[in-house]
Amino acid sequence: EITLQSVKWILSAFYPLADHGSKHIVGTLSFAVDVAPQCSGIEGIGMILVFLGLYVWMFRAQLRFPAVFWLFPIGVIAIWTANVLRIVTLIAIGSSFSSEIALGGFHSQAGWIGFCGVSLALILVADRVSRPLGHAVATTTRDTSAASVRALLVPLMVSLGASMLVDAASSGTFRHGYPLIAVATLAAIWFYRDHYRRHLGLPDAATVGIALAVFVAWLLLVPPAPERGALLAADLRELPPGLQILWLAFRVAGSVIAVPIVEELAFR
């Protein structure tokens, strides 16, 4: 009830609201959604509490107690607010822009965007204000280590974040905005290029052999899906010929160059 009333209160400032005959259905004259109980924010609250519990336990030696426990009520309020704004934005997009995008990409991605954004913000707050007093770490050493960690993780985070944003703005399965994902990922790799010099080197024969074996095994184990190829071809035919070539070029650059690099940097 609190979620629904908050959504209606915010929407009423921009749209005339309609009575759709159910207290769980909220929307404008042209677009409305049925808010299920699990979409009211309770799942997000549960997820953020689990996330914070794991974070505080894993980094307990570096955090300041009991101040760090303030993250829990802050996280609950933040994720609930993000969910209210998600529903408001969903209805606004459906009412003023595109019901296909609202019910397609945005509906499936907005919750994850909110959860990731709140989680990263809470980590940032914890890192800034919850360190123990007198925590003896050399500033230069810590800064150098943090920069190395960012160089390994940020490109993957940029790739995933760009993917979620592009998917949220899509109305179907075809990602018209995939070039933006490739450009953002390659830009992040280029930005941290100086940090990767010590990782560069020519692979030995065993490494190349293992890579080829995994490649062949993957092709043999993954069943062919001609219907996916036909669907992609149909979607591409809707683009002008020049844009078809450009989209495919960025798709190859992203899938063959950018994504393998950022995955190796982060996981290996």
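This tour moves through a predicted model, stopping at a helix pair, two loops and the salt bridges.

**The α2 and α3 pair**

Begin by selecting α2 (42-58) together with α3 (71-96), and turn the view until both helices can be followed along their lengths. Their axes come within 9 Å and cross at roughly 150°; because an angle over 145 degrees counts as roughly antiparallel, α2 is described as roughly antiparallel to α3. The crossing of these two helices is right-handed. To see what makes the contact, show the side chains of Gly44, Ile45, Ile48, Leu49, Leu52, Gly53 and Val56 on α2, and then add Leu71, Phe72, Gly75, Val76 and Ile79 on α3.

**The loop between α2 and α3**

Next, select proline 66, which lies in the loop between α2 and α3. Display the backbone here and look at the peptide bond that runs from phenylalanine 65 to proline 66, which is cis, with omega near 0°.

**The loop between α3 and α4**

Continue to the loop between α3 and α4 (99-129), where serine 98 is found. Is serine 98 buried or exposed? Its relative accessibility is 12%, and because buried means under 20%, serine 98 counts as buried. With the side chain of glutamate 100 also shown, you can pick out a polar contact of 3.2 Å between the side chains of serine 98 and glutamate 100.

**The salt bridges**

Side chains of opposite charge can pair when their charged atoms come close, and the structure holds three salt bridges.

For one of them, select lysine 23 and glutamate 1, whose side chains meet at 3.5 Å, N to O. This pair links distant parts of the chain, with lysine 23 in the loop between α1 (2-11) and β1 (25-27), glutamate 1 in the segment before α1, and their positions 22 residues apart. Lysine 23 is exposed, with a relative accessible area of 53%, and glutamate 1 is likewise exposed, at 54%.

Now select aspartate 167 and arginine 175, whose side chains form a salt bridge with an N to O distance of 2.9 Å. Colouring by accessibility is useful at this stop, since arginine 175 is partly exposed, with a relative accessible area of 23%.

End the tour at arginine 197 and aspartate 194, where the side chains meet in a salt bridge of 3.1 Å, again given N to O. Arginine 197 has a relative accessibility of 58% and counts as exposed.

Key
Residues are numbered from 1 along each chain as its sequence is written. This is a predicted model: local features need pLDDT of at least 70, side-chain atom pairs count only at pLDDT 80 or more; totals for chains, interfaces and linings use all residues. Side-chain values use heavy atoms; hydrogens and water are left out. Helices (H or I, at least four residues) and strands (E, at least two) are DSSP runs, numbered from the N terminus. Buried means under 20% relative accessible area, exposed over 50%, partly exposed in between (1.4 Å probe, protein chains only). A polar contact is a pair of N or O atoms within 3.5 Å; within protein, one must be able to donate a hydrogen and the other to accept it, and residues adjacent in sequence count only if both atoms are side-chain atoms. A salt bridge is a side-chain nitrogen of Lys or Arg within 4 Å of a carboxyl oxygen of Asp or Glu. Axes are lines fitted to C-alpha atoms, for helices over the stretch in contact, and angles run from 0 to 180 degrees between N-to-C directions. Angles under 35 degrees count as roughly parallel, over 145 as roughly antiparallel, 65 to 115 as roughly perpendicular and the rest as oblique. A crossing is left-handed if the near helix is turned anticlockwise from the far one by less than a right angle, and right-handed if clockwise. Contact means heavy atoms within 4.5 Å.
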